[in-house]
Amino acid sequence: MDKFHIVGPTRLAGRVRASGAKNAALPALTASLLTDAPLTLRRVPHVRDIRTLQKLLDHLGVVTEETGGALILRRERPNPEHDAPYDLVRTMRASVLVLGPLLAKEGHARVSLPGGCAIGVRPIDQHLKGLTALGADVQLTHGYVEATAARLVGARFRFDMPTVTGTENVMMAATLARGTTVLECCACEPEVVDLANLLNAMGAHVSGAGTETIVVDGVESLGAAEHAIIPDRIEGGTYLIGAVLTRGDVTLEGASAADLAPLLDKLAEVGASVEVSAEDIRVQGAGDIQSLDLETSPHPGFPTDLQAQYMALMTRADGVATISETVFENRFQHAPELARMGADIRVDGGRARVYGPKPLTGAGVMATDLRASACLVLAGVAAQGETVVDRIYHLDRGYEGMELKLQKLGARVARWSVPMS
Ligand code: EPU
């Protein structure tokens, strides 16, 4: 199991380019199940979650080829079982994104329930309700969702809460339904918009993505498309928070300032300098940083996926910050690890109070999930002395070459590969 060995403190400075967004690439890959024609996807990040999904897609008959920096996916040998077995689903919840496309294209899907995960219970009831509203017969047996429909039929459906992958799953299914589907209380995340753009390039008729109401006029079939995945706002945002935490100066290339607005506004409020140009975003963290409360919420609110990194920043800010996590019920597992590095954080249910500024000191810490890992790595770069972040495989799920990008920004971070005993 790999670890990161970090020697700090260093001031992050320089230019870094955002990779393609993992959470946009995952649904884009599953869209290959909606067609027999090839999908050419550019800017797919080289991260472990993508490799995990490729294994599942391979099981479902999708052949993937990588040429000239693009991933070409084609469903050449459909698996008659249309199934996503437990072994391939349990390591990654996003595998459930194969359900909507398989059902819509093949009339049948058998997908293992993903089970719990480190950041909360995360049910998929909204995905299932949405597909049922489109006429699917959905049964839960032996830990599997079994969904059947000769042909889905367009309908009006309102999600009980905005769900990113739920919106994506039902939106994909609706593209091949007979008639019009109106989805209400949809997730408005940029990744949903990116998927809608891909689906439209494949010949679908999707409008309203990025708002709470999405309308899909079903078509008979979808075809080939080429599409470039949007830049990863969470990955890019992580480096920008790192700039402020280390009182550095980082320019993020190729990112969308609009998609990052909730973070950029917050960084300006805490006292950082934020400059946005057509090409890049420059953030400087010189001077005093103020503690400011934060509440996560669905887009366009502050993303839960940057909450852990913001907590690392607040440990070095002046004052007390209350961080409220409203999206997931168990997403403060980085707090006790930050405390091992000298932070003073008190967690009470969905709220954490961070008392700053505290000097951070290097320590051995354990990553518990993807974004918690990123938070600990940033804290390690800012801390005095040596930090070893264990279980870095969580980080590898969603950050492309993080140690290389951090090294380019001046951090002293190395990957230690430790053979499994
Ligand atoms: N929820 C339900 N029922 C459902 C679906 C969701 O109760 O059927 C609840 C969840 O338990 C949660 C809330 O609704 O409390 C929102 O969850 P959502 O469904 O939006 O999350 P997700 O689609 O499973 C995606 C990202 C996550 C990101 C969340 C929130 C992907 C592959 N994953 O998850 O990314 O945190 O949206 O923005 O898109 C990450 O990249 O580290 C990550 C966890």
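This report describes a predicted model of a protein chain with a bound ligand, taking the domains, the ligand shell and the backbone in turn.

## Domains

The domain assignment splits the chain into domain 1 (2-18 + 231-417) and domain 2 (22-218). Domain 1 is thus written as two segments, 2-18 and 231-417, whereas domain 2 is written as one, 22-218. Taken over C-alpha atoms, the centres of the two domains are 30 Å apart.

## Interface between the domains

On the domain 1 side, 23 residues are in contact with 20 residues of domain 2. The size of an interface is often expressed as the accessible area that is lost when the parts come together. For domain 1 and domain 2 the buried area is about 1800 Å², and 49% of it lies on carbon and sulfur atoms. Of the area that domain 1 buries against domain 2, H299, R397 and E400 supply 34%, more than any other three residues.

## Shell around the ligand

The ligand is surrounded by 22 residues, and the closest are Q126, T163, T165, D305 and V327. By type, the shell consists of 10 nonpolar, six polar and six charged residues. Both domains take part: domain 1 (2-18 + 231-417) and domain 2 (22-218) each give at least three residues to the shell.

Several helices contribute as well. At least two shell residues come from each of helix 1 (22-30), helix 5 (125-133), helix 6 (164-174) and helix 12 (370-382).

## Polar contacts and burial of the ligand

Oxygen atoms of the ligand have polar partners on both side chains and backbone. A polar side-chain atom of D305, a residue listed among the closest to the ligand, is 2.6 Å from a ligand oxygen. For R331, a polar side-chain atom is 3.3 Å from an oxygen atom of the ligand. At V164 the partner is a polar backbone atom, 2.8 Å from a ligand oxygen. The ligand taken alone exposes 820 Å², and the protein buries 88% of that area.

## Backbone features

Two cis peptide bonds can be located in loops. One joins G8 and P9, with omega about 0°; P9 sits in the loop between strand 1 (3-8) and strand 2 (13-17). Another runs from H299 to P300, with omega near 10°, and P300 belongs to the loop between strand 18 (294-295) and helix 10 (307-314). H299 is also one of the three residues named above for the area that domain 1 buries against domain 2.

C185, a residue other than glycine, has a positive phi, near 60°. C185 is placed in the loop between strand 11 (180-184) and helix 7 (190-201).

Technical notes. Residues numbered from 1 in each chain as written. Predicted model: local features only at pLDDT ≥ 70, side-chain atom pairs only at ≥ 80, totals over all residues. Heavy atoms only, no water. Near = heavy atom within 4 Å. Polar contact = N/O pair within 3.5 Å; in protein donor to acceptor, adjacent residues only side chain to side chain. Areas by Shrake-Rupley, 256 points an atom, 1.4 Å probe, with all protein chains shown as cover. Helix = DSSP H or I, 4+ residues; strand = E, 2+ residues; numbered from the N terminus. Nonpolar A, V, L, I, M, F, W, Y, C, P; charged D, E, K, R; others polar. Domains from an automatic or database assignment. Contact = heavy atoms within 4.5 Å. Buried area = accessible area lost by both parts, 1.4 Å probe.
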